[in-house]
Amino acid sequence: MTDVPPRRARAKRSASIPTSSLPAPASTDRHLRSSRSGGRPTPAEAAAPVAGSPRSASRTERPKLAARAPGSPAGEKRANGSGSVRLRRNTWTARLTLGEAGRRTFSLPTCRTEHEANARLEVLADLAGRLLAAGQIVLGLPLLEQAAAREGNALRDVRLAIDQLCRGEARARATGETTFAEFAERVLSGKLAEQYPDHVKAIRSTDDYRRRLAHVLDVLGPVPLVRFTLDHADHAMSLLPGHLQPGTRQKIAQIIHRMLTLATYPARIIASNPLPRGWIPKTDDEKAKGYLYPDEDHRLMRCKAIPLCFRIYYGFLDREGMRADEAGRLQWSDLDLDRGAVVLDENKTDDPRAWALSPDVVRALRKWREICPDKVRVFVGKWGNALPGHNGAKNFRDHLRRAGVDRPELFETTDARLNIRLHDTRATFITVKLANGRTETWISDRTGHSSSDQIHNYKRAARKVAELALGDFAPLDEAIPELAGKGGSVGGSGRASEESEEPDAGSSSDAVSLASAPSDGALALGDDAALPEVDAVPAKGRRLGPRWATPEEGPADDELEHPEIVLLSAAPSPQPGKKPKDEFAVAPPAGAGAQVVWTGWP
(Lines give C-alpha, C1' and ligand atoms only; values in the text may rest on other atoms or scores of the structure.)
Protein backbone atom coordinates (compact mmCIF):
# COMPACT_ATOMS: atom_id res chain seq x y z
CA MET A 1 0.00 0.00 0.00
CA THR A 2 1.44 3.27 -1.12
CA ASP A 3 1.51 6.33 1.18
CA VAL A 4 -0.73 9.20 0.26
CA PRO A 5 0.81 12.64 0.60
CA PRO A 6 -0.66 14.64 3.50
CA ARG A 7 -1.95 17.45 1.29
CA ARG A 8 -3.85 15.09 -0.99
CA ALA A 9 -5.36 13.26 2.06
CA ARG A 10 -6.69 16.49 3.47
CA ALA A 11 -8.17 17.37 0.10
CA LYS A 12 -10.01 14.05 -0.09
CA ARG A 13 -11.48 14.50 3.40
CA SER A 14 -12.71 18.01 2.60
CA ALA A 15 -14.21 16.84 -0.67
CA SER A 16 -16.40 14.36 1.18
CA ILE A 17 -18.20 17.17 3.17
CA PRO A 18 -20.86 19.08 1.21
CA THR A 19 -19.95 22.67 0.83
CA SER A 20 -23.54 23.79 1.35
CA SER A 21 -23.41 22.68 4.96
CA LEU A 22 -20.39 24.75 5.80
CA PRO A 23 -21.18 28.19 7.29
CA ALA A 24 -19.74 31.07 5.39
CA PRO A 25 -17.30 33.23 7.29
CA ALA A 26 -18.98 36.19 8.85
CA SER A 27 -16.52 38.69 7.42
CA THR A 28 -16.84 37.33 3.88
CA ASP A 29 -20.65 37.31 4.10
CA ARG A 30 -20.78 40.91 5.27
CA HIS A 31 -18.25 41.88 2.58
CA LEU A 32 -20.36 40.33 -0.18
CA ARG A 33 -23.57 42.01 1.06
CA SER A 34 -21.79 45.33 1.35
CA SER A 35 -20.42 45.06 -2.17
CA ARG A 36 -23.87 44.32 -3.60
CA SER A 37 -25.41 47.33 -1.88
CA GLY A 38 -22.71 49.80 -2.61
CA GLY A 39 -20.76 49.19 0.61
CA ARG A 40 -23.71 49.59 3.07
CA PRO A 41 -26.07 46.84 4.34
CA THR A 42 -29.78 47.19 3.73
CA PRO A 43 -32.04 47.92 6.75
CA ALA A 44 -33.39 44.36 6.68
CA GLU A 45 -29.83 42.96 6.58
CA ALA A 46 -28.72 45.20 9.44
CA ALA A 47 -31.64 44.03 11.59
CA ALA A 48 -31.16 40.33 10.81
CA PRO A 49 -29.01 38.44 13.35
CA VAL A 50 -25.78 36.97 12.20
CA ALA A 51 -25.82 33.17 11.83
CA GLY A 52 -23.85 31.46 14.54
CA SER A 53 -23.93 34.54 16.84
CA PRO A 54 -24.68 33.88 20.52
CA ARG A 55 -27.55 36.40 20.33
CA SER A 56 -29.31 34.43 17.62
CA ALA A 57 -30.94 32.07 20.20
CA SER A 58 -32.28 34.60 22.76
CA ARG A 59 -34.31 33.22 25.68
CA THR A 60 -36.92 35.94 25.35
CA GLU A 61 -37.68 35.14 21.73
CA ARG A 62 -40.11 32.29 22.50
CA PRO A 63 -41.99 34.07 25.29
CA LYS A 64 -42.46 37.08 23.02
CA LEU A 65 -43.96 34.88 20.36
CA ALA A 66 -46.04 32.96 22.86
CA ALA A 67 -47.45 36.18 24.30
CA ARG A 68 -48.01 37.76 20.88
CA ALA A 69 -51.62 38.01 19.78
CA PRO A 70 -52.62 35.28 17.30
CA GLY A 71 -52.30 36.30 13.67
CA SER A 72 -50.11 39.34 14.33
CA PRO A 73 -46.98 39.83 12.21
CA ALA A 74 -43.70 38.70 13.73
CA GLY A 75 -42.16 42.15 13.57
CA GLU A 76 -45.14 44.03 15.07
CA LYS A 77 -44.52 45.87 18.35
CA ARG A 78 -46.22 44.25 21.35
CA ALA A 79 -49.01 46.14 23.03
CA ASN A 80 -49.21 46.92 26.73
CA GLY A 81 -49.95 43.78 28.74
CA SER A 82 -48.38 41.26 26.34
CA GLY A 83 -45.23 40.85 28.48
CA SER A 84 -42.32 38.42 28.52
CA VAL A 85 -40.87 35.74 30.79
CA ARG A 86 -37.35 35.24 32.09
CA LEU A 87 -35.53 32.76 34.29
CA ARG A 88 -33.83 34.44 37.22
CA ARG A 89 -32.04 32.52 39.94
CA ASN A 90 -33.94 29.33 39.11
CA THR A 91 -37.31 31.15 39.34
CA TRP A 92 -39.40 32.18 36.38
CA THR A 93 -40.66 35.75 36.31
CA ALA A 94 -43.06 37.59 34.07
CA ARG A 95 -42.86 41.23 33.03
CA LEU A 96 -45.89 43.22 31.94
CA THR A 97 -46.36 46.84 30.92
CA LEU A 98 -49.48 48.02 32.77
CA GLY A 99 -50.22 51.52 31.58
CA GLU A 100 -50.21 54.02 34.42
CA ALA A 101 -48.85 51.34 36.78
CA GLY A 102 -45.68 51.09 34.66
CA ARG A 103 -43.73 47.95 33.88
CA ARG A 104 -44.03 45.36 36.63
CA THR A 105 -42.30 42.07 37.32
CA PHE A 106 -44.27 39.17 38.83
CA SER A 107 -42.71 36.07 40.36
CA LEU A 108 -44.04 32.71 39.10
CA PRO A 109 -43.11 30.29 41.91
CA THR A 110 -45.40 27.51 40.68
CA CYS A 111 -43.93 27.39 37.16
CA ARG A 112 -41.16 24.84 36.57
CA THR A 113 -40.70 25.05 32.80
CA GLU A 114 -40.70 27.74 30.17
CA HIS A 115 -43.91 26.34 28.76
CA GLU A 116 -45.67 26.74 32.14
CA ALA A 117 -44.28 30.25 32.50
CA ASN A 118 -45.63 31.23 29.07
CA ALA A 119 -49.04 29.78 29.94
CA ARG A 120 -49.19 31.79 33.19
CA LEU A 121 -48.03 34.89 31.31
CA GLU A 122 -51.05 34.58 29.03
CA VAL A 123 -53.32 34.38 32.08
CA LEU A 124 -51.73 37.48 33.61
CA ALA A 125 -51.91 39.34 30.32
CA ASP A 126 -55.63 38.58 30.03
CA LEU A 127 -56.39 39.69 33.61
CA ALA A 128 -54.23 42.82 33.24
CA GLY A 129 -56.01 43.73 30.02
CA ARG A 130 -59.39 43.55 31.76
CA LEU A 131 -58.15 45.69 34.65
CA LEU A 132 -56.73 48.24 32.20
CA ALA A 133 -60.01 48.41 30.31
CA ALA A 134 -61.94 48.91 33.57
CA GLY A 135 -59.49 51.56 34.85
CA GLN A 136 -58.73 49.48 37.97
CA ILE A 137 -55.13 48.50 37.25
CA VAL A 138 -53.67 50.29 40.28
CA LEU A 139 -56.13 48.69 42.71
CA GLY A 140 -55.75 45.36 40.96
CA LEU A 141 -51.97 45.04 41.28
CA PRO A 142 -52.17 42.98 44.52
CA LEU A 143 -54.63 40.66 42.82
CA LEU A 144 -52.28 40.20 39.86
CA GLU A 145 -49.50 39.25 42.27
CA GLN A 146 -51.80 36.66 43.82
CA ALA A 147 -52.77 35.36 40.37
CA ALA A 148 -49.09 34.90 39.47
CA ALA A 149 -48.44 32.77 42.56
CA ARG A 150 -51.60 30.66 42.95
CA GLU A 151 -53.01 27.50 41.47
CA GLY A 152 -56.35 25.68 41.34
CA ASN A 153 -59.17 27.00 43.55
CA ALA A 154 -56.99 29.80 44.90
CA LEU A 155 -56.44 31.09 41.36
CA ARG A 156 -60.15 30.79 40.70
CA ASP A 157 -60.89 32.97 43.74
CA VAL A 158 -58.49 35.63 42.45
CA ARG A 159 -60.20 35.57 39.04
CA LEU A 160 -63.54 36.06 40.78
CA ALA A 161 -62.19 39.00 42.80
CA ILE A 162 -60.84 40.64 39.64
CA ASP A 163 -64.21 40.12 37.93
CA GLN A 164 -65.96 41.88 40.81
CA LEU A 165 -63.37 44.67 40.83
CA CYS A 166 -63.80 45.26 37.08
CA ARG A 167 -67.59 45.41 37.52
CA GLY A 168 -67.25 47.84 40.42
CA GLU A 169 -68.68 45.31 42.88
CA ALA A 170 -65.65 44.98 45.15
CA ARG A 171 -62.77 46.97 46.50
CA ALA A 172 -59.23 45.68 46.40
CA ARG A 173 -57.29 45.32 49.64
CA ALA A 174 -53.56 45.65 50.20
CA THR A 175 -53.13 41.94 50.86
CA GLY A 176 -55.82 40.84 48.45
CA GLU A 177 -57.62 38.89 51.21
CA THR A 178 -59.92 39.60 54.15
CA THR A 179 -60.01 37.04 56.93
CA PHE A 180 -63.10 35.99 58.86
CA ALA A 181 -61.82 37.68 62.04
CA GLU A 182 -61.09 40.97 60.27
CA PHE A 183 -64.52 41.07 58.68
CA ALA A 184 -66.24 40.18 61.97
CA GLU A 185 -64.47 43.12 63.61
CA ARG A 186 -65.73 45.42 60.84
CA VAL A 187 -69.27 44.28 61.60
CA LEU A 188 -69.04 44.49 65.39
CA SER A 189 -67.26 47.86 65.39
CA GLY A 190 -70.00 49.41 63.25
CA LYS A 191 -67.72 50.26 60.32
CA LEU A 192 -69.74 48.08 57.94
CA ALA A 193 -72.94 49.83 59.05
CA GLU A 194 -71.32 53.19 58.36
CA GLN A 195 -70.26 52.05 54.91
CA TYR A 196 -73.65 50.52 54.01
CA PRO A 197 -76.25 52.29 56.19
CA ASP A 198 -79.14 51.21 53.97
CA HIS A 199 -78.47 47.51 54.38
CA VAL A 200 -76.63 47.03 57.68
CA LYS A 201 -77.70 48.16 61.13
CA ALA A 202 -75.19 48.68 63.89
CA ILE A 203 -75.18 46.06 66.63
CA ARG A 204 -76.04 47.69 69.95
CA SER A 205 -74.98 44.92 72.33
CA THR A 206 -71.72 43.56 70.89
CA ASP A 207 -70.63 41.81 74.10
CA ASP A 208 -72.85 38.79 73.40
CA TYR A 209 -71.55 38.54 69.85
CA ARG A 210 -67.92 38.72 70.97
CA ARG A 211 -68.45 36.17 73.73
CA ARG A 212 -70.01 33.65 71.32
CA LEU A 213 -67.52 34.28 68.52
CA ALA A 214 -64.67 33.65 70.96
CA HIS A 215 -65.55 29.92 70.80
CA VAL A 216 -64.75 29.70 67.06
CA LEU A 217 -62.30 32.51 66.28
CA ASP A 218 -59.25 30.34 66.93
CA VAL A 219 -60.38 28.08 64.08
CA LEU A 220 -62.20 30.46 61.73
CA GLY A 221 -60.39 33.74 62.47
CA PRO A 222 -57.37 33.35 60.13
CA VAL A 223 -59.38 31.80 57.25
CA PRO A 224 -59.68 34.19 54.25
CA LEU A 225 -63.30 34.72 53.28
CA VAL A 226 -62.59 33.91 49.63
CA ARG A 227 -61.35 30.47 50.72
CA PHE A 228 -63.99 29.83 53.41
CA THR A 229 -65.76 26.51 52.88
CA LEU A 230 -68.43 24.42 54.55
CA ASP A 231 -65.70 22.20 56.00
CA HIS A 232 -64.26 25.15 57.94
CA ALA A 233 -67.62 25.87 59.56
CA ASP A 234 -68.35 22.22 60.38
CA HIS A 235 -64.89 21.81 61.92
CA ALA A 236 -65.38 24.88 64.13
CA MET A 237 -68.79 23.67 65.34
CA SER A 238 -67.38 20.21 66.14
CA LEU A 239 -64.80 21.79 68.47
CA LEU A 240 -67.35 23.68 70.60
CA PRO A 241 -67.24 22.81 74.33
CA GLY A 242 -69.57 19.99 75.29
CA HIS A 243 -71.17 21.91 78.15
CA LEU A 244 -72.78 24.48 75.84
CA GLN A 245 -76.55 24.30 75.63
CA PRO A 246 -78.20 23.60 72.25
CA GLY A 247 -79.57 27.13 72.21
CA THR A 248 -76.07 28.57 72.63
CA ARG A 249 -74.71 26.36 69.85
CA GLN A 250 -77.52 27.53 67.60
CA LYS A 251 -76.75 31.20 68.29
CA ILE A 252 -73.05 30.67 67.49
CA ALA A 253 -74.01 29.08 64.18
CA GLN A 254 -76.38 31.97 63.45
CA ILE A 255 -73.56 34.49 63.97
CA ILE A 256 -71.24 32.58 61.61
CA HIS A 257 -73.98 32.42 58.98
CA ARG A 258 -74.77 36.11 59.42
CA MET A 259 -71.13 37.16 58.93
CA LEU A 260 -70.87 35.21 55.69
CA THR A 261 -74.18 36.62 54.49
CA LEU A 262 -72.92 40.17 55.02
CA ALA A 263 -69.65 39.28 53.28
CA THR A 264 -71.73 38.22 50.29
CA TYR A 265 -73.87 41.34 50.29
CA PRO A 266 -73.46 44.23 50.69
CA ALA A 267 -69.68 43.80 51.23
CA ARG A 268 -69.36 41.62 48.07
CA ILE A 269 -66.16 40.00 49.22
CA ILE A 270 -67.40 36.54 48.25
CA ALA A 271 -69.78 35.50 45.49
CA SER A 272 -72.14 33.44 47.66
CA ASN A 273 -72.57 32.11 51.18
CA PRO A 274 -70.79 28.73 51.37
CA LEU A 275 -73.16 27.51 54.12
CA PRO A 276 -76.23 25.77 52.68
CA ARG A 277 -79.79 26.25 53.84
CA GLY A 278 -80.49 24.14 56.90
CA TRP A 279 -76.92 24.29 58.19
CA ILE A 280 -77.92 26.13 61.38
CA PRO A 281 -78.72 23.42 63.96
CA LYS A 282 -82.21 23.06 65.33
CA THR A 283 -82.77 23.24 69.08
CA ASP A 284 -84.69 20.76 71.15
CA ASP A 285 -88.07 21.52 72.65
CA GLU A 286 -88.13 24.66 74.77
CA LYS A 287 -87.38 24.13 78.44
CA ALA A 288 -89.75 25.29 81.13
CA LYS A 289 -88.89 28.74 82.46
CA GLY A 290 -89.61 30.30 85.81
CA TYR A 291 -91.80 33.25 86.72
CA LEU A 292 -92.76 34.95 89.96
CA TYR A 293 -96.12 34.81 91.69
CA PRO A 294 -97.59 38.19 92.72
CA ASP A 295 -96.98 37.48 96.42
CA GLU A 296 -93.32 36.64 95.69
CA ASP A 297 -92.93 39.94 93.84
CA HIS A 298 -94.44 41.69 96.87
CA ARG A 299 -91.90 40.07 99.21
CA LEU A 300 -89.10 41.17 96.88
CA MET A 301 -90.33 44.77 96.86
CA ARG A 302 -90.60 44.95 100.69
CA CYS A 303 -87.14 43.55 101.45
CA LYS A 304 -84.98 46.49 102.53
CA ALA A 305 -81.90 44.30 102.53
CA ILE A 306 -81.97 44.80 98.74
CA PRO A 307 -80.96 48.28 97.51
CA LEU A 308 -83.90 50.43 96.45
CA CYS A 309 -82.46 50.96 92.97
CA PHE A 310 -82.70 47.22 92.27
CA ARG A 311 -86.19 46.83 93.72
CA ILE A 312 -87.75 49.59 91.65
CA TYR A 313 -85.95 48.14 88.62
CA TYR A 314 -87.39 44.66 89.22
CA GLY A 315 -90.81 46.06 90.04
CA PHE A 316 -90.89 48.08 86.83
CA LEU A 317 -89.94 45.02 84.74
CA ASP A 318 -92.60 42.84 86.37
CA ARG A 319 -95.37 45.40 85.87
CA GLU A 320 -94.52 46.76 82.38
CA GLY A 321 -92.99 43.78 80.54
CA MET A 322 -90.04 45.69 79.09
CA ARG A 323 -86.82 43.85 78.27
CA ALA A 324 -84.09 44.22 80.87
CA ASP A 325 -81.61 45.79 78.45
CA GLU A 326 -84.30 48.18 77.15
CA ALA A 327 -85.04 49.32 80.70
CA GLY A 328 -81.31 49.70 81.35
CA ARG A 329 -81.09 52.21 78.46
CA LEU A 330 -84.32 54.01 79.38
CA GLN A 331 -83.91 57.75 79.90
CA TRP A 332 -86.10 60.24 81.69
CA SER A 333 -86.74 61.92 78.35
CA ASP A 334 -88.46 58.71 77.20
CA LEU A 335 -91.04 59.08 79.98
CA ASP A 336 -93.97 61.47 80.15
CA LEU A 337 -94.76 61.29 83.85
CA ASP A 338 -97.27 64.14 83.63
CA ARG A 339 -99.49 62.02 81.39
CA GLY A 340 -98.18 58.62 82.42
CA ALA A 341 -96.74 57.32 79.13
CA VAL A 342 -93.50 55.86 77.80
CA VAL A 343 -92.07 56.04 74.27
CA LEU A 344 -89.57 53.35 73.31
CA ASP A 345 -88.11 54.17 69.90
CA GLU A 346 -84.92 52.07 70.11
CA ASN A 347 -85.36 48.41 70.96
CA LYS A 348 -84.29 44.93 69.92
CA THR A 349 -86.78 44.56 67.05
CA ASP A 350 -86.40 48.16 65.82
CA ASP A 351 -90.17 48.50 66.08
CA PRO A 352 -90.93 51.74 67.98
CA ARG A 353 -93.71 51.33 70.51
CA ALA A 354 -95.43 53.48 73.13
CA TRP A 355 -98.01 52.74 75.81
CA ALA A 356 -99.65 54.09 78.94
CA LEU A 357 -97.87 53.11 82.15
CA SER A 358 -99.77 51.73 85.10
CA PRO A 359 -100.82 54.56 87.46
CA ASP A 360 -98.97 53.00 90.41
CA VAL A 361 -95.79 52.76 88.32
CA VAL A 362 -96.12 56.43 87.36
CA ARG A 363 -96.44 57.45 91.01
CA ALA A 364 -93.41 55.34 91.97
CA LEU A 365 -91.29 56.78 89.14
CA ARG A 366 -92.17 60.33 90.15
CA LYS A 367 -90.79 59.71 93.62
CA TRP A 368 -87.78 57.83 92.24
CA ARG A 369 -86.89 60.71 89.94
CA GLU A 370 -86.53 63.01 92.94
CA ILE A 371 -83.94 60.78 94.61
CA CYS A 372 -82.35 59.12 91.57
CA PRO A 373 -78.60 59.87 91.44
CA ASP A 374 -78.69 60.14 87.62
CA LYS A 375 -80.78 62.80 85.92
CA VAL A 376 -80.46 61.21 82.48
CA ARG A 377 -80.97 57.47 82.88
CA VAL A 378 -83.90 56.08 84.83
CA PHE A 379 -82.46 52.91 86.36
CA VAL A 380 -78.96 53.27 87.77
CA GLY A 381 -77.06 52.18 90.85
CA LYS A 382 -76.22 54.29 93.85
CA TRP A 383 -73.19 55.90 92.21
CA GLY A 384 -74.74 56.22 88.77
CA ASN A 385 -73.48 52.88 87.47
CA ALA A 386 -75.62 51.00 84.95
CA LEU A 387 -77.74 48.16 86.30
CA PRO A 388 -77.15 44.74 84.71
CA GLY A 389 -79.27 43.83 81.74
CA HIS A 390 -78.34 40.54 80.08
CA ASN A 391 -75.92 39.58 82.86
CA GLY A 392 -78.17 40.23 85.85
CA ALA A 393 -79.44 36.68 86.43
CA LYS A 394 -77.13 35.87 89.34
CA ASN A 395 -77.92 39.10 91.22
CA PHE A 396 -81.61 38.56 90.59
CA ARG A 397 -81.56 35.05 92.11
CA ASP A 398 -79.46 36.24 95.06
CA HIS A 399 -81.94 39.03 95.75
CA LEU A 400 -84.86 36.60 95.58
CA ARG A 401 -83.21 34.37 98.17
CA ARG A 402 -82.47 37.37 100.37
CA ALA A 403 -86.14 38.33 100.21
CA GLY A 404 -87.20 34.86 101.35
CA VAL A 405 -88.43 33.59 97.97
CA ASP A 406 -87.39 29.93 98.03
CA ARG A 407 -89.68 28.10 95.58
CA PRO A 408 -87.45 25.22 94.36
CA GLU A 409 -88.20 25.38 90.62
CA LEU A 410 -86.91 28.96 90.48
CA PHE A 411 -83.38 27.92 91.38
CA GLU A 412 -82.83 24.56 89.67
CA THR A 413 -81.68 23.69 86.16
CA THR A 414 -82.54 20.28 84.74
CA ASP A 415 -82.97 18.70 81.33
CA ALA A 416 -86.51 20.07 81.25
CA ARG A 417 -86.22 23.35 83.17
CA LEU A 418 -84.07 26.48 83.44
CA ASN A 419 -83.56 28.42 86.63
CA ILE A 420 -85.09 31.87 86.71
CA ARG A 421 -83.27 34.68 84.89
CA LEU A 422 -83.69 38.43 84.82
CA HIS A 423 -85.21 38.09 81.35
CA ASP A 424 -87.99 35.99 82.91
CA THR A 425 -89.53 39.14 84.36
CA ARG A 426 -91.19 39.36 80.91
CA ALA A 427 -92.64 35.88 81.45
CA THR A 428 -93.84 37.03 84.87
CA PHE A 429 -95.56 40.05 83.35
CA ILE A 430 -97.26 38.11 80.53
CA THR A 431 -98.38 35.24 82.76
CA VAL A 432 -99.87 37.40 85.51
CA LYS A 433 -101.55 39.84 83.14
CA LEU A 434 -103.11 37.05 81.06
CA ALA A 435 -104.39 35.49 84.29
CA ASN A 436 -106.03 38.81 85.18
CA GLY A 437 -107.89 39.15 81.86
CA ARG A 438 -105.61 41.36 79.77
CA THR A 439 -105.77 40.80 76.01
CA GLU A 440 -102.90 39.70 73.78
CA THR A 441 -102.98 43.06 72.00
CA TRP A 442 -102.64 44.94 75.29
CA ILE A 443 -99.69 42.75 76.23
CA SER A 444 -97.92 42.90 72.85
CA ASP A 445 -98.10 46.72 72.91
CA ARG A 446 -95.81 46.58 75.93
CA THR A 447 -93.64 43.55 75.21
CA GLY A 448 -93.18 44.12 71.47
CA HIS A 449 -94.08 40.54 70.50
CA SER A 450 -94.93 40.47 66.79
CA SER A 451 -96.78 37.14 66.84
CA SER A 452 -99.61 35.86 69.01
CA ASP A 453 -97.92 32.44 68.93
CA GLN A 454 -95.21 33.81 71.19
CA ILE A 455 -97.75 34.97 73.74
CA HIS A 456 -99.74 31.73 73.38
CA ASN A 457 -96.84 29.85 75.03
CA TYR A 458 -97.68 31.51 78.35
CA LYS A 459 -101.41 30.74 78.43
CA ARG A 460 -101.09 27.41 80.23
CA ALA A 461 -99.16 29.00 83.11
CA ALA A 462 -101.65 31.89 83.12
CA ARG A 463 -104.57 29.50 83.59
CA LYS A 464 -102.76 28.01 86.60
CA VAL A 465 -102.32 31.45 88.17
CA ALA A 466 -105.98 32.28 87.51
CA GLU A 467 -107.25 29.01 89.02
CA LEU A 468 -105.14 29.54 92.12
CA ALA A 469 -106.61 33.05 92.44
CA LEU A 470 -103.18 34.55 93.07
CA GLY A 471 -104.36 38.01 92.00
CA ASP A 472 -102.36 40.85 90.45
CA PHE A 473 -99.25 42.73 91.48
CA ALA A 474 -99.44 45.09 94.41
CA PRO A 475 -99.21 48.81 93.48
CA LEU A 476 -95.51 49.60 93.12
CA ASP A 477 -95.64 52.83 95.10
CA GLU A 478 -97.23 50.95 98.02
CA ALA A 479 -95.23 47.74 97.77
CA ILE A 480 -91.89 49.54 98.30
CA PRO A 481 -91.82 50.84 101.90
CA GLU A 482 -89.48 53.77 101.16
CA LEU A 483 -91.89 55.10 98.53
CA ALA A 484 -94.91 54.52 100.73
CA GLY A 485 -93.52 56.57 103.62
CA LYS A 486 -92.62 53.49 105.68
CA GLY A 487 -89.19 52.44 106.86
CA GLY A 488 -86.33 53.93 108.83
CA SER A 489 -85.00 57.45 108.88
CA VAL A 490 -82.74 59.00 106.31
CA GLY A 491 -79.07 58.10 106.34
CA GLY A 492 -79.55 54.47 107.29
CA SER A 493 -79.66 54.96 111.10
CA GLY A 494 -83.33 54.25 111.58
CA ARG A 495 -85.16 51.01 112.30
CA ALA A 496 -87.60 49.15 110.14
CA SER A 497 -91.28 49.55 110.72
CA GLU A 498 -92.64 47.04 113.18
CA GLU A 499 -95.31 46.06 110.69
CA SER A 500 -92.72 44.92 108.10
CA GLU A 501 -92.09 41.18 108.13
CA GLU A 502 -88.48 41.47 106.95
CA PRO A 503 -85.78 43.00 109.17
CA ASP A 504 -84.24 46.26 107.98
CA ALA A 505 -80.97 44.52 107.11
CA GLY A 506 -79.85 47.27 104.78
CA SER A 507 -80.84 50.31 106.83
CA SER A 508 -77.34 50.75 108.19
CA SER A 509 -75.51 50.05 104.94
CA ASP A 510 -74.29 52.59 102.45
CA ALA A 511 -75.97 50.66 99.64
CA VAL A 512 -79.44 51.60 100.95
CA SER A 513 -78.95 54.88 102.75
CA LEU A 514 -78.88 57.22 99.75
CA ALA A 515 -81.29 55.17 97.64
CA SER A 516 -83.86 55.03 100.44
CA ALA A 517 -83.55 58.67 101.45
CA PRO A 518 -86.70 60.67 100.73
CA SER A 519 -86.34 63.74 98.58
CA ASP A 520 -86.87 67.30 99.56
CA GLY A 521 -90.54 66.83 98.70
CA ALA A 522 -91.06 63.68 100.73
CA LEU A 523 -93.37 63.26 103.66
CA ALA A 524 -92.18 63.25 107.24
CA LEU A 525 -91.30 59.70 108.19
CA GLY A 526 -94.24 58.97 110.48
CA ASP A 527 -95.63 55.61 111.49
CA ASP A 528 -98.09 54.84 108.69
CA ALA A 529 -97.87 57.89 106.47
CA ALA A 530 -98.96 57.11 102.92
CA LEU A 531 -97.24 58.74 99.97
CA PRO A 532 -99.65 61.01 98.04
CA GLU A 533 -99.27 61.80 94.37
CA VAL A 534 -97.03 64.71 93.47
CA ASP A 535 -99.90 67.00 92.62
CA ALA A 536 -102.16 65.85 95.42
CA VAL A 537 -103.26 68.23 98.21
CA PRO A 538 -101.83 67.14 101.58
CA ALA A 539 -104.19 66.22 104.34
CA LYS A 540 -104.86 68.80 106.98
CA GLY A 541 -102.62 68.56 109.99
CA ARG A 542 -99.83 66.66 108.15
CA ARG A 543 -96.50 68.43 108.33
CA LEU A 544 -94.65 68.76 105.03
CA GLY A 545 -91.12 69.67 104.06
CA PRO A 546 -90.24 73.33 103.53
CA ARG A 547 -90.22 72.98 99.72
CA TRP A 548 -93.71 71.60 99.49
CA ALA A 549 -95.73 74.20 101.33
CA THR A 550 -95.72 76.49 104.31
CA PRO A 551 -96.01 74.35 107.47
CA GLU A 552 -99.21 74.50 109.43
CA GLU A 553 -99.28 76.77 112.44
CA GLY A 554 -99.72 73.84 114.76
CA PRO A 555 -100.17 70.09 114.69
CA ALA A 556 -103.45 68.32 114.97
CA ASP A 557 -104.62 67.63 118.48
CA ASP A 558 -104.42 63.88 118.11
CA GLU A 559 -101.04 63.78 116.34
CA LEU A 560 -97.66 63.47 117.97
CA GLU A 561 -95.04 65.76 116.55
CA HIS A 562 -91.77 64.31 115.23
CA PRO A 563 -88.83 66.26 113.91
CA GLU A 564 -88.40 66.06 110.14
CA ILE A 565 -85.15 65.21 108.36
CA VAL A 566 -85.21 66.58 104.82
CA LEU A 567 -82.44 66.29 102.21
CA LEU A 568 -81.62 69.87 101.25
CA SER A 569 -78.72 69.46 98.82
CA ALA A 570 -76.10 67.03 97.62
CA ALA A 571 -72.75 68.58 96.75
CA PRO A 572 -70.39 66.70 94.45
CA SER A 573 -67.68 64.70 96.16
CA PRO A 574 -64.25 66.39 96.09
CA GLN A 575 -62.58 63.00 95.49
CA PRO A 576 -63.59 60.36 92.94
CA GLY A 577 -65.21 57.27 94.39
CA LYS A 578 -66.45 58.94 97.60
CA LYS A 579 -70.05 59.58 98.56
CA PRO A 580 -71.61 62.94 97.83
CA LYS A 581 -71.55 65.45 100.62
CA ASP A 582 -75.10 65.72 101.97
CA GLU A 583 -76.52 68.64 103.88
CA PHE A 584 -79.45 67.95 106.17
CA ALA A 585 -81.68 70.27 108.12
CA VAL A 586 -83.53 69.17 111.23
CA ALA A 587 -86.79 71.03 111.58
CA PRO A 588 -87.81 71.02 115.26
CA PRO A 589 -91.41 71.14 116.42
CA ALA A 590 -93.21 74.45 116.41
CA GLY A 591 -91.98 76.85 119.07
CA ALA A 592 -88.77 74.94 119.72
CA GLY A 593 -86.36 77.53 118.38
CA ALA A 594 -84.29 77.73 115.21
CA GLN A 595 -83.52 74.71 113.06
CA VAL A 596 -80.17 72.95 113.36
CA VAL A 597 -78.18 72.41 110.18
CA TRP A 598 -75.78 69.47 110.03
CA THR A 599 -73.25 68.93 107.26
CA GLY A 600 -71.02 65.93 107.00
CA TRP A 601 -70.10 62.71 105.26
CA PRO A 602 -72.67 59.98 106.03
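Helix α19 (residues 425–435) is largely enclosed by the rest of the structure, because 10 of its 11 residues are buried (buried means under 20% relative accessible area, exposed over 50% and partly exposed in between, with a 1.4 Å probe and protein chains only). Helices here are DSSP runs of H or I with at least four residues, strands are runs of E with at least two, and both are numbered from the N terminus. The model is a predicted one, so to speak of local features takes a pLDDT of at least 70, side-chain atom pairs count only at pLDDT 80 or more, and totals for chains, interfaces and linings use all residues. Residues are numbered from 1 along each chain as its sequence is written, and side-chain values use heavy atoms, with hydrogens and water left out.

The buried residues of α19 are T425, R426, A427, T428, F429, I430, T431, V432, K433 and L434. Their cover includes α14 (294–302), α15 (308–320), α18, α20 (440–447), α21 (452–456) and α22 (459–467). T431 gives a good look at this packing: at 0% relative accessibility, it counts as buried. Setting aside residues up to four places away in sequence, T431 touches Y291, Y458, A461, A462 and V465 (contact means heavy atoms within 4.5 Å). Just after α19, G437 takes a positive phi of about 90°.

Next come the strands. Strand β4 (residues 335–336) pairs with β5 in the antiparallel sense over two bridges, where pairing requires that DSSP finds at least two bridges between the strands. L335 has V342 of β5 as its bridge partner. Four residues sit between the strands of this β4 and β5 hairpin, in which G340 takes a positive phi near 80°. On its other pairing, β5 runs antiparallel to strand β6 (residues 353–356) over four bridges, and A341 stands opposite A356 in β6. The two faces of β5 (residues 341–344) split neatly: V342 and L344 make up the covered face, while A341 and V343 make up the uncovered one. V342, the partner of L335, thus belongs to the covered face.

Finally, there is a buried cysteine in a loop. C372 lies between α17 (359–371) and α18 (393–402), and at 3% relative accessibility it counts as buried. Leaving out neighbours within four places in sequence, C372 is in contact with W332, R377, V378 and V380. Further along the chain, K382 is 10 residues from C372, with 8.1 Å separating the two C-alpha atoms.
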